[in-house]
Amino acid sequence: MSAITLKSVKKRYQKSLVVHGVDAEIEQGEFVVILGPSGCGKSTLLRMIAGLEDITEGEILIGGTVVNKLEPRERGCAMVFQNYALYPHMSVAQNIGYALKVAGMPRAEREAKVAKVAKSVSLEPYLDRKPGELSGGQRQRVAMARAMVREPKVFLFDEPFSNLDAKLRVAMRAEVRNLHRSLGVTSVFVTHDQTEAMTLADRLIIMNSGVVEQIGKPSEVYHRPASRFVADFIGSPAMNLINGWFGEDGHFRHGKGGMIHLPSIASHVVSRDVALGVRPESVRRVAAGTKGALAAVVDYVEELGAARLIYADADGSRIVCVDDGNDALGTGMPIHFAIAEADLHLFDNTTGRRIETRPGQRAASDHLVTA
Amino acid sequence: MSAITLKSVKKRYQKSLVVHGVDAEIEQGEFVVILGPSGCGKSTLLRMIAGLEDITEGEILIGGTVVNKLEPRERGCAMVFQNYALYPHMSVAQNIGYALKVAGMPRAEREAKVAKVAKSVSLEPYLDRKPGELSGGQRQRVAMARAMVREPKVFLFDEPFSNLDAKLRVAMRAEVRNLHRSLGVTSVFVTHDQTEAMTLADRLIIMNSGVVEQIGKPSEVYHRPASRFVADFIGSPAMNLINGWFGEDGHFRHGKGGMIHLPSIASHVVSRDVALGVRPESVRRVAAGTKGALAAVVDYVEELGAARLIYADADGSRIVCVDDGNDALGTGMPIHFAIAEADLHLFDNTTGRRIETRPGQRAASDHLVTA
Amino acid sequence: ATKFEFWYGLSGDLSERIQDMCKTFNESQADYEIVCVSQDNYEANLQNTIAAFRANKQPTITQISDGGTLDLMLSGAYIPVRQLMEENGYQINWDDYFSGIASYYSTSKGELLSMPFNSSTAMFYYNTDALKAVGFEGAPQTWEQVEKIARDLKAAGYDCPVAFDPTGTWQWWEQFSAAHNQPIASKGNGYEGLDATVEFNHGKFVDQLTWIKKMYDEGLFVAKSKAIGETANDAFVNAKCQMSSSSIADHGTFAKQAIEGMHWDVAMLPIWEGTERTNTLVGGASLWTLKGSTPEQYKGAAAFYAFLATPKQAEWWSTVTGYIPVTNSGFKAMTDKGFYANAPYKGREQAIESLTFTPPTEYTRGVRLGNFGAVRKEVADAMQEVLFNNVPVQQALDGAAERSNEILRRFEQTYAGQQLP
Amino acid sequence: MERRAFYRNGTLPWLLLAPQLLLVLVFFYWPTSQALYWAFTLEQAWGGGNTWVGFANFLAIFRDSQYWATVGRSAFYAICATGLSMAIALMLAMFVDRALKGTRIFQSVFVWPYAIAAPAAGVAFRFIFSPEAGLIGSINDIWPGIWSPATNGWHALGMVIVCHAWLGIGYNFIFFLAALQMIPKSISEAGAMDGARPFQRMLDLQLPLIAPTVFFLMIMNLISSFTDSFGLIDTMTEGGPIGATEVMVYNIYIDGFKGLDYSGAAAQSIVLMVLVIALTFVQFRWVEKRVHYS
Amino acid sequence: MIERSPIFDFVTYAAMVLGMFLVLVPFWITLVAGSQSLQEVSQVPLHLWPSTHLLENIQAAWTRADLGPKMVNSFIVAIGVTVGKIVLAALSAFAIVFFNFRARMLCFWLIFITLMLPLEVRIVPTYSIAANALLPFQVILDTFGITGLVESLSGIRIGLEWNLLNSYTGLILPLVATATGTFLYRQFFMTIPDELVEASKMDGSGPMRFFFDVLLPLSRTNMLALATIMFVSSWNQYLWPLLITTDRANFGTVVMQLKALIPAQNGTPDWNVTMAGALIIMLPPLLVVALMQRWFVRGLISRDK
Ligand SMILES: Nc1ncnc2c1ncn2[C@@H]1O[C@H](COP(=O)(O)OP(=O)(O)OP(=O)(O)O)[C@@H](O)[C@H]1O
Ligand SMILES: Nc1ncnc2c1ncn2[C@@H]1O[C@H](COP(=O)(O)OP(=O)(O)OP(=O)(O)O)[C@@H](O)[C@H]1O
Ligand SMILES: O=P(O)(O)OC[C@H](O)CO
Ligand SMILES: [Mg+2]
Ligand SMILES: [Mg+2]
């Protein structure tokens with residue numbers, strides 16, 4: 001039995017539908033991250049699970065029970081809010097213990113429990129402080145302790161790190177991971193930061209404008225994006241997506257007269273309006289004369305330190321390549337790329353969905369794309 | 001003659017010295033980025049150039065003239081602020097034209113100029129809107145147009161992209177670059193985002209607590225960080241910095257009894273308290289038996305999509321490695337690394353400065369570090 | 001024409017009469033124009049006059065009631081009327097003024113400081129229909145009679161035998177004391193020095209208030225005032241209350257306002273059996289000429305006073321209001337004309353009778369107390385304490401006396417070293 | 001953080017401030033210093049002069065049991081009016097803050113009393129409470145004489161207090177509502193997740209979080225009960241019956257303007273000023289401790 | 001809102017309706033009584049529904065309290081005070097917030113303290129200043145012997161006098177100083193980001209230019225809020241006009257006339273006329289508040305503490 005089941009869950013505000021019927025199963029103990037651009041409905045979905053928002057249509061089940069009509073307190077979820085939502089007038093101990101107090105737990109028992117939880121997130125020295133006297137990371141920890149103390153069936157996180165600075169974020173990420181590892185509680189985590197999502201998730205739910213684009217493991221999502229949106233959204237720098245169509249001759253035509261010979265793929269998709277995708281790190285620079293190399297012209301170069309990004313123009317289509325070379329490269333200089341066919345992705349521009357071109361997954365292949 | 005010259009510029013607020021005597025020359029048409037952690041005095045320095053802040057000590061020259069006593073408007077600088085600082089009650093056109101209006105330019109001439117500048121940053125359709133009705137990127141463009149319209153001698157930018165989301169930031173970065181390329185105006189750009197800094201700068205000024213740590217080209221700064229601070233600050237994931245000391249036997253001792261044999265370097269620095277630095281992407285995994293490999297134990301792994309980060313423990317020192325392997329790796333598993341000696345950096349922990357171990361620059365070398 | 005101002009403390013019907021009078025004056029000559037401004041009541045007029053004086057914006061003439069006389073005397077802010085009239089060439093026979101009136105407004109040497117104008121005294125009004133209904137003919141002369149009539153009226157189903165204004169210290173305290181020759185304050189009611197102390201907490205007023213309280217508790221006296229929603233005068237003219245005590249000045253107003261078919265009459269204040277009636281105090285107000293005007297304006301003021309003193313004008317004033325004529329000759333002339341012989345003016349002569357019933361005694365020539373308005377308020381509060389809060393009479397009056405004396409001492413200290421003129 | 005963008009200009013700020021400073025000096029500081037002076041002298045009503053008496057005026061009022069009665073009455077008035085008004089306003093604000101459908105209409109109406117002049121409200125309430133007419137008068141028809149603000153001091157005081165409280169509802173309501181709306185919604189949501197029901201959330205979360213506002217309003221109401229009561233009392237009871245509604249301000253007016261005892265009134269003014277200043281300072285000390293959400 | 005307990009919702013509505021009742025009753029009674037005839041209004045218990053005599057009662061009240069000219073006066077005073085306050089407060093707050101000079105906090109406190117001591121507690125001495133607003137300067141000249149000096153030199157005696165009693169100036173001027181307004185503006189000005197000031201500096205504009213081009217347009221809503229508050233409070237002034245107008249006929253305001261409307265003059269308890277009068281006197285500020293509700297509430301909120 002799944003821990004959480006979403007059955008065609010919809011949410012409508014006044015006239016506008018912001019969640020368009022989401023179906024998903026979240027397993028017991030799983031760490032699921034909902035990822036998507038701002039405004040896509042992530043928070044709304046999470047809040048419907050929490051019971052903070054009415055469900056317009058569909059059903060949500062937690063532990064097998066339909067919770068649509070249950071109050072938040074009856075659902076057994078705990079939530080960590082973006083701005084922590086700590087009670088500013090209560091001490092850390094009171095913040096953590098409030099849920100227990102409301103539940104009517106005797107004082108002694110409550111205090112013991114608060115102390116235990118506080119210890120587990122290293123908050124003991126601060127139990128008597130008010131939230132205002134804590135640093136961002138400490139507050140974050142109080143918010144987590146407050147969620148943990150209730151021993152909920154489900155943890156919900158709504159962009160819990162978005163108010164932290166970059167270094168702290170990385171540290172808190174590790175803490176959440178450890179927490180999940182040690183408690184094993186089913187968790188749903190909302191973020192729009194893909195690094196956070198990739199590094200934390202057992203499985204990702206990628207949303208766009210209220211629609212689920214893909215559900216899968218981080219590597220799956222990265223390596224086999226189910227839609228053009230996912231391909232573009234995941235990965236930085238973003239995947240090169242070249243719009244074009246396949247002729248009967250097995251050539252992919254793009255830009256201002258560009259042609260790439262792709263017979264094995266072409267058979268699937270002759271004549272459709274498609275986008276050919278390749279990750280910048282899968283684009284390799286080759287010497288000028290290399291057989292089948294894709295000729296392009298350097299647009300500009302961004303130095304990243306460890307590597308550099310080469311922005312180039314191949315017959316009117318922009319190609320970005322991650323390069324760790326060291327040679328001087330200037331605007332307008334010719335450059336040549338090679339791309340392994342196995343690294344190619346294909347998307348139908350009309351539906352936005354992926355077109356599967358080979359049955360297996362990411363097989364190592366050195367067959368070079370030829371122009 | 002330099003466009004801007006800073007001569008031992010100091011800034012004191014009440015008691016605390018926040019800029020400790022900065023010397024720098026900025027060439028005509030150069031794009032200089034001031035980079036440093038929050039609170040290090042970047043903005044203060046920029047604002048002293050702009051004339052928004054008194055100069056406590058030292059001199060600033062713009063175009064060869066000492067400007068210490070000049071009002072902002074007399075210095076010929078234009079500034080783009082972090083939160084844009086657009087006049088909320090004025091339309092885009094009025095915002096852009098305000099400086100001209102203050103300067104008493106006739107209406108017709110002003111309008112023509114505003115239209116021209118608006119066109120150059122593609123703002124024509126929005127000229128009648130108020131800033132509140134614009135997206136972040138559009139506002140950013142208005143702020144730039146406002147700076148451009150005055151045809152200043154110098155552009156000053158104070159973290160102009162920090163309020164934008166990641167995608168827009170990348171796009172605006174390109175726009176600023178193009179702008180600079182086409183106008184060729186001397187620019188000083190403050191940021192604490194290293195990607196931004198690396199990709200934009202002709203030269204970087206790296207600051208820390210009011211002190212300039214290094215001035216140099218991005219690649220210089222990346223490949224030959226002048227101080228431990230710079231080494232740690234530049235690059236993500238950050239450089240591995242292993243504290244230790246050199247014995248007379250040519251071994252580097254670190255952590256809980258770790259030893260690395262580094263005879264060529266050891267000669268420079270016997271017995272000093274130093275930090276050995278190596279970038280995560282320069283740490284290579286090697287097979288278990290490889291000669292001279294550094295043995296470590298996996299701590300945890302972060303999946304990044306394109307690659308993964310392996311956090312490992314080598315005799316009590318943390319080593320991070322960028323790895324594009326695909327094999328299953330779990331906590332506690334043994335792992336082996338190799339590091340090219342040429343990729344090593346050495347810093348004096350007492351002064352924080354770099355210790356130069358070889359005369360030349362970043363020579364390709366395959367001499368492996370051996371334990 | 002020279003303009004000058006005259007502020008007065010009357011309102012309603014009486015205010016309109018003053019306006020008539022001012023109009024007559026202005027029309028009677030072309031040299032001066034008097035501007036008459038109502039300040040609502042005597043108290044407000046005194047306060048506003050003071051405020052204006054301090055601000056140098058005072059009128060040339062102001063009307064100050066009996067109680068404010070000492071405040072004016074010590075103010076140094078006035079020009080004695082005698083001096084004014086002499087300087088402007090008017091011959092006035094000052095001796096012609098009723099001695100009770102003159103004694104109130106004159107210095108100890110007998111110099112009249114202000115122009116007597118609207119003089120009155122307290123009277124007892126009664127509804128003859130109601131009294132007849134319980135078999136009483138004529139005017140009640142004694143409080144014993146009043147009590148008996150009240151009881152009979154009550155028995156006969158009259159809700160309100162006597163209207164009692166609990167703020168009406170003037171008729172119920174001061175005039176009561178005068179009629180019974182009781183001291184209001186020591187030192188001849190203050191005439192002999194600023195160090196006088198009040199005397200109302202012993203003597204007949206204590207008994208009187210005790211009696212009033214008894215009557216009130218039995219429902220024979222009914223409290224009527226503005227705060228309560230109906231004044232005693234209104235209750236009387238509407239025949240809701242059958243007896244009341246008020247100024248003779250209201251005689252004219254009553255005549256106008258009494259409901260149709262109601263018969264009423266006026267008498268001197270009752271006295272207790274076995275006591276000797278003495279004269280009552282002159283009430284109303286006099287006109288003071290303030291410093292700070294131009295000689296031209298003073299000429300105008302003098303002309304105005306002279307105009308008031310003309311027999312024709314004095315008679316008109318007495319006719320349209322209930323105020324009495326202020327001179328012996330005036331009174332004689334009107335009596336001779338038979339003015340008092342018939343309704344509606346019949347009965348008003350009793351006010352003069354009351355005022356002149358005996359020659360003024362030490363305690364009936366007037367009251368010379370500083371800040372007397374504040375003292376009146378203390379007594380009014382004491383009367384209400386007794387009536388509404390059941391505070392014992394002696395205790396209430398003692399408290400009021402103590403505070404009144406403090407007021408007097410503060411006044412004495414404020415004008416330390418000054419002598420009564 | 002402290003503002004750091006300033007203009008530097010020697011005379012301009014003084015020019016800008018001059019009109020207001022002049023007015024304040026002439027109409028506030030001068031009279032106040034005058035009052036201070038009078039409080040130590042006996043000032044003749046007609047302005048003929050005065051004599052220095054030191055602290056005698058203060059001793060006189062402090063010795064006067066009636067003055068203390070006035071002080072006590074003011075305190076009673078202040079506490080009752082403040083308590084009543086704030087309790088009602090707080091309740092209304094809490095319910096309006098729930099933002100149920102149609103709440104906006106209620107919200108607008110609740111502000112209205114703010115617009116009404118105290119004397120105007122006084123007149124209206126005087127009618128409502130008038131024993132022989134109006135609304136409350138009806139009970140005198142059932143039990144004659146049971147309601148009599150003209151003779152019963154407590155009735156009169158109660159009537160004025162109710163009116164004062166009513167007048168304050170609008171102002172208190174706005175501030176309470178603002179304070180409640182400043183509480184991030186997520187705090188309530190966190191409370192809901194923690195299992196607290198709405199009423200419990202009001203008690204445990206909202207109320208403590210608006211404590212600074214409660215305190216601020218308490219002080220403002222107390223101060224207003226010293227000052228705004230004037231117009232009310234003057235139109236409703238004129239301080240009566242028997243001074244039962246004479247609060248400190250009204251007493252100053254009665255003694256000074258009506259009783260012509262300028263010095264006594266000045267001394268009372270000084271006492272009142274000290275009181276108001278003290279309250280204000282207490283308030284400032286507290287307001288510093290604002291709740292910070294984040 | 002979380003939790004949709006119908007019972008709690010019901011309680012909420014019930015409480016709000018009760019509150020509405022509480023707030024509206026005085027208004028309603030005023031309207032009802034103001035529209036009844038003398039006979040109707042004297043009935044006990046009162047009929048709680050308006051009758052048809054509103055206009056004639058208003059007419060009666062209008063003439064009895066002479067409301068025509070008083071209305072004009074009230075409007076002159078309220079508008080004068082409102083405009084004055086808005087202007088002075090803006091100027092002062094601008095100086096205090098945007099200029100760095102040593103005495104700025106002192107000036108702020110000098111103005112702010114006046115908030116704590118409203119007119120009511122310093123009635124008597126204030127009156128004498130109204131009689132001669134230049135008195136302080138005269139005293140200063142006298143104490144420093146300048147009067148004597150000038151007199152001995154030129155033979156002219158300096159007598160500064162500016163009487164404000166019975167004048168619009170007197171009704172308006174002393175009320176124009178405004179701690180509340182200055183405070184409100186200060187609070188608002190402090191929310192103006194530094195960068196906006198700096199941007200305008202970079203654009204070359206000086207302080208006054210910044211004030212007019214940027215600050216004033218930006219504070220429009222605050223100005224409206226302030227205007228509402230100020231209009232209401234100056235319309236509702238009672239004690240001050242009571243004190244400084246001995247000439248009620250020409251300089252009285254409507255609120256002062258309320259007392260004149262209370263029955264007692266000739267014994268007829270014509271509360272209907274009184275209430276009709278009260279109604280028209282209440283109306284202008286009520287309308288202003290009702291119409292400006294949005295800004296007014298915002299303004300009060302930022303007035304904060
Ligand atoms: N109470 C509401 N009324 C109307 N629309 C709303 C409401 N709350 C959210 N929305 C809309 O629903 C959409 C989804 O909002 P949601 O907060 O779920 O986005 P999100 O994915 O969490 O975005 P973010 O990353 O910015 O938090 C948005 O377009 C938002 O404007
Ligand atoms: N007006 C001021 N008064 C006192 N200290 C100040 C002032 N302005 C800045 N500082 C201090 O000077 C130091 C440098 O500030 P600055 O704003 O230049 O930092 P920064 O490098 O721009 O940081 P950030 O990246 O956060 O903008 C900080 O420690 C700051 O606290
Ligand atoms: O009503 P009057 O004018 O007779 O005056 C009554 C008393 O004298 C007032 O002090
Ligand atoms: Mg969200
Ligand atoms: Mg900065």
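A polar contact is taken here as a pair of N or O atoms within 3.5 Å. The structure described is a predicted model, and the ligand sites are presented before the chain contacts and the local backbone features.

In the site of ligand 3, an N or O atom in the side chain of R376(C) lies 3.0 Å from an oxygen atom of the ligand, a separation that falls within the 3.5 Å limit for a polar contact. Ligand 3 exposes 310 Å² when taken alone, and the protein buries 84% of that area. Two further residues of chain C approach oxygen atoms of this ligand. A polar side-chain atom of S120(C) is 2.5 Å from an oxygen atom of ligand 3, whereas G284(C) places a backbone N or O atom 2.9 Å from an oxygen atom of the ligand. The residues around ligand 3 are Y42(C), S65(C), D66(C), S120(C), W170(C), S247(C), A249(C), G283(C), G284(C), Y323(C) and R376(C). Sorted by class, this shell holds four nonpolar, five polar and two charged residues.

The surroundings of ligand 1 are formed by Y13(A), V18(A), P37(A), S38(A), G39(A), C40(A), G41(A), K42(A), S43(A), T44(A), E159(A) and H192(A). Helix α1 (residues 42-50) of chain A supplies the largest share of the shell, three residues. The class composition is four nonpolar, six polar and two charged residues. Oxygen atoms of ligand 1 take part in several polar contacts. A polar side-chain atom of T44(A) lies 2.4 Å from an oxygen atom of the ligand, and an N or O atom in the side chain of S38(A) is 2.5 Å from an oxygen atom of ligand 1. The contribution of C40(A) comes from the backbone, with an N or O atom 3.2 Å from an oxygen atom of ligand 1. On its own, ligand 1 has 630 Å² of accessible area, of which the protein covers 60%.

Ligand 2 has 13 residues around it, and those that come nearest are S38(B), G39(B), K42(B), S43(B) and T44(B). The site is shared between chains, because residues from both chain B and chain D surround ligand 2. Within the shell, the largest share is three residues from helix α1 (residues 42-50) of chain B. The classes represented are four nonpolar, six polar and three charged residues. Among the polar contacts, an N or O atom in the side chain of K42(B) is 2.8 Å from an oxygen atom of ligand 2. A backbone N or O atom of C40(B) is found 3.1 Å from an oxygen atom of the ligand. Y13(B) is paired with a nitrogen atom of ligand 2, which lies 3.4 Å from an N or O atom in the side chain of this residue. The protein covers 69% of the 630 Å² of accessible area that ligand 2 has on its own.

At the level of whole chains, eight pairs are in contact, and chains D and E share the most contacts among them. Chain A and chain C are not joined by any contact, and their closest C-alpha atoms lie 50 Å apart. Chain B and chain C likewise have no contact between them, with closest C-alpha atoms 50 Å apart.

Inside chain D, helix α4 (residues 103-111) packs against helix α7 (residues 153-182) at an angle of about 135°, and the two axes are 7 Å apart. This angle makes α4(D) oblique to α7(D). The residues that meet are Q107(D), F110(D) and V111(D) from α4(D), and I169(D), G170(D), F173(D), I174(D) and L177(D) from α7(D). By class, this contact has six nonpolar, two polar and no charged residues.

Some backbone features in chains A and B remain to be described. The peptide bond from S236(A) to P237(A) is cis, with omega near -5°. P237(A) is placed in the loop between α8 (228-233) and β11 (240-246) of chain A. In chain B, the bond from S236(B) to P237(B) is also cis, with omega near -5°, and P237(B) sits in the loop between α8 (228-233) and β11 (240-246) of that chain. Y84(A) is not a glycine, yet it has a positive phi of about 70°. The position of Y84(A) is in the loop between β6 (77-80) and α2 (92-102) of chain A.

Key
Residues numbered from 1 in each chain as written. Chains lettered and ligands numbered in written order. Predicted model: local features only at pLDDT ≥ 70, side-chain atom pairs only at ≥ 80, totals over all residues. Heavy atoms only, no water. Near = heavy atom within 4 Å. Polar contact = N/O pair within 3.5 Å; in protein donor to acceptor, adjacent residues only side chain to side chain. Areas by Shrake-Rupley, 256 points an atom, 1.4 Å probe, with all protein chains shown as cover. Helix = DSSP H or I, 4+ residues; strand = E, 2+ residues; numbered from the N terminus. Nonpolar A, V, L, I, M, F, W, Y, C, P; charged D, E, K, R; others polar. Contact = heavy atoms within 4.5 Å. Axes fitted to C-alpha atoms, helices over the stretch in contact; angles between N-to-C directions. Parallel < 35°, antiparallel > 145°, perpendicular 65-115°, else oblique.
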